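Reader: I would like a close look at one part of this model, and then at what lies around that part. Please keep to what can be checked against the coordinates.

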Amino acid sequence: MTAATRQFEGCGAVVTGGATGIGGAIAERLAAEGASVLIADINAEGANQRAARIRDSGGTAAACATNVGELDQVQAMIQTAVDRWGRLDIIVNNAYPAMEAITGGAEDVPPDVYDRAMDVLVKASYLSARFGVPHLRRAGGGSIVNISSIHGLLVAPGALVYETGKAALIAATRQMAVEYGRDGIRVNAIAPGHIVTENIQAGIWDDNPSGFDFFTAQYPVGRCGRPEDIAAAVAFLCSRDASFITGHTLVVDGGHSLQIQENFGVAQAQYMRDHPDTQLPY
Ligand SMILES: NC(=O)c1ccc[n+]([C@@H]2O[C@H](COP(=O)([O-])OP(=O)(O)OC[C@H]3O[C@@H](n4cnc5c(N)ncnc54)[C@H](O)[C@@H]3O)[C@@H](O)[C@H]2O)c1
């Protein structure tokens with residue numbers, strides 16, 4: 001484990017969707033900085049493996065099989081964290097449903113799929129606050145971090161549920177920040193750009209390196225994101241250094257979303273002219 005400080009020593013944390021990807025990195029980072037972390041994921045085996053990995057590195061972690069779209073299970077998740085760690089200081093709402101549940105426009109997405117996806121994308125943050133805030137208050141304050149997306153700020157076609165859900169999460173972040181500020185509870189969101197997780201690497205890029213180069217070329221910093229980039233932003237937002245920051249959506253995208261000008265489209269067209277063998281990702 002590498003971390004500059006153990007600033008979260010004695011803190012109890014919950015990270016949803018922490019079995020893999022960004023949530024896994026967040027759980028590892030918080031644990032490396034001293035937090036006791038409950039990894040709540042619908043993938044119980046993955047959550048157990050991640051918790052074991054943290055323990056093997058000297059951290060404190062446990063797993064909790066949870067579907068964050070279900071009220072009873074979120075209530076149980078919060079209670080498990082409090083029972084295990086004796087207190088709750090940090091909640092990271094990061095879980096998200098599988099791609100097929102969030103792809104398509106209004107005419108494509110069946111109503112029951114819409115509801116289930118929104119339960120995970122949006123309602124889960126309400127449920128974790130409903131059951132978690134009393135414990136954060138009891139701890140003298142704390143931090144909630146909601147993992148949104150640049151898709152919550154800018155839209156892409158064919159992704160009604162994802163764009164709506166991620167925008168709603170930003171709205172909920174702002175509202176809860178105002179609601180709970182006087183309790184010492186800060187509520188912030190993060191809007192990541194393209195973050196190459198193990199699932200994305202295996203699902204898209206292993207078979208399409210030229211497409212990955214095309215994606216990379218869209219990022220002013222010359223690379224796509226890594227789960228650790230988002231974990232570092234979460235650690236900052238939960239830290240004392242961020243004690244005057246609440247209701248904020250921190251864009252962590254290597255500058256990608258700054259570029260919505262005609263020049264960007266021209267640069268993309270130029271790239272394709274220079275790299276005619278590029279295989280597009282979708
Ligand atoms: N990877 C990216 O490029 C990117 C970009 C912007 C935002 N995000 C956001 O970051 C978060 C994490 O994304 P990721 O790419 O690491 O995803 P991932 O698929 O690697 O991990 C998502 C995790 O959520 C879990 N999960 C799914 N449904 C659940 C449920 N109902 N209850 C509990 N857990 C559940 C999965 O088992 C998995 O462990 C998401 O909120 C996503 O929208 C990701």
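Author: A residue is called buried here if 20 or more other C-beta atoms lie within 10 Å of its own, and exposed if there are 12 or fewer; in between, the residue is partly exposed. The model is predicted, and the part I take is helix H1, residues 21-32.

By that count H1 is mostly covered, with twelve of its twelve residues buried. The list includes Gly21, Ile22, Gly23 and Gly24, and also the charged pair Glu28 and Arg29. From its first C-alpha to its last, H1 reaches 17 Å, close to the 16 Å expected at 1.5 Å a residue. After the helix comes Gly34, with a positive phi near 105 degrees.

H1 also takes part in the surroundings of the ligand. The shell there has 28 residues, and those that come nearest are Gly17, Gly21, Ile22, Ala95 and Ser149. Two elements give two or more residues to this shell, H1 and helix H6 (198-205). H1 gives the largest share, three residues. Gly21 and Ile22, both among the nearest residues, are buried members of H1. By class, the shell holds 15 polar residues, twelve nonpolar ones and one charged one.

The helix can also be followed into the nonpolar interior. In soluble globular proteins, nonpolar side chains tend to be buried together. Here the largest nonpolar core has 73 residues. Helix H4 (residues 111-138) gives the most to this core, ten residues. Leu30, which is buried in H1, is one of the residues with the most contacts inside the core, as are Val14, Val37, Ile39 and Val234.

Two of these core residues give a view of the region. Ile39 is in contact with Ala27, a buried residue of H1. Other contacts of Ile39, leaving aside neighbours within four places in sequence, include Val15, Gly18, Ala47, Arg50 and Cys64. Val14 lies in strand E1 (residues 12-16). Because 32 other C-beta atoms are within 10 Å, Val14 is buried. Its C-alpha is 4.7 Å from that of Leu38, although the two are 24 residues apart along the chain. Among the residues that Val14 touches are Leu38, Ala40, Met77, Ile78 and Leu88.

Which strands are enclosed as well? Six of the six residues of strand E5 are buried, so E5 is largely enclosed by the rest of the structure. Gly142, Ile144 and Asn146 point one way from E5, Ser143, Val145 and Ile147 point the other way, and all are buried. Strand E6 (residues 185-192) is also largely enclosed, because eight of its eight residues are buried. Both faces of E6 are covered, with Ile185, Val187, Ala189 and Ala191 on one side and Arg186, Asn188, Ile190 and Pro192 on the other.

E5 (residues 142-147) pairs with E6 in the parallel sense over six bridges. In that pairing Ser143 stands opposite Arg186, and Gly142 has Ile185 as its bridge partner. E5 is also joined by four bridges to strand E4 (residues 90-93), again running parallel. There, Asn93 stands opposite Asn146.

Val187, in strand E6, shows how this pairing brings distant parts of the sequence together. Val187 and Ile144 are 43 residues apart in sequence but 4.7 Å apart in space, C-alpha to C-alpha. Val187 counts as buried because it has 28 C-beta neighbours inside 10 Å. Besides Ile144, Val187 touches residues including Thr173, Met176, Tyr180 and Thr246.

For contrast, consider Arg55 in helix H2 (residues 44-56). With 13 C-beta neighbours inside 10 Å, Arg55 counts as partly exposed. The C-alpha atoms of Arg55 and Asp207 are 33 Å apart, and 152 residues separate the two in sequence.

To return to H1: every residue of the helix is buried, and the helix gives three residues to the shell around the ligand.

Terms used:
Residues are numbered from 1 along each chain as its sequence is written. This is a predicted model: local features need pLDDT of at least 70, side-chain atom pairs count only at pLDDT 80 or more; totals for chains, interfaces and linings use all residues. A residue is near a molecule or strand if its C-beta atom, placed from the backbone, lies within 6 Å of it. A nonpolar core is a set of buried Ala, Val, Leu, Ile, Met, Phe, Trp, Tyr and Cys residues joined through C-beta atoms within 7 Å. Two residues are in contact if their C-beta atoms, placed from the backbone, lie within 7 Å. The expected span of a helix is 1.5 Å times one less than its number of residues. Two strands pair if DSSP finds at least two bridges between them.
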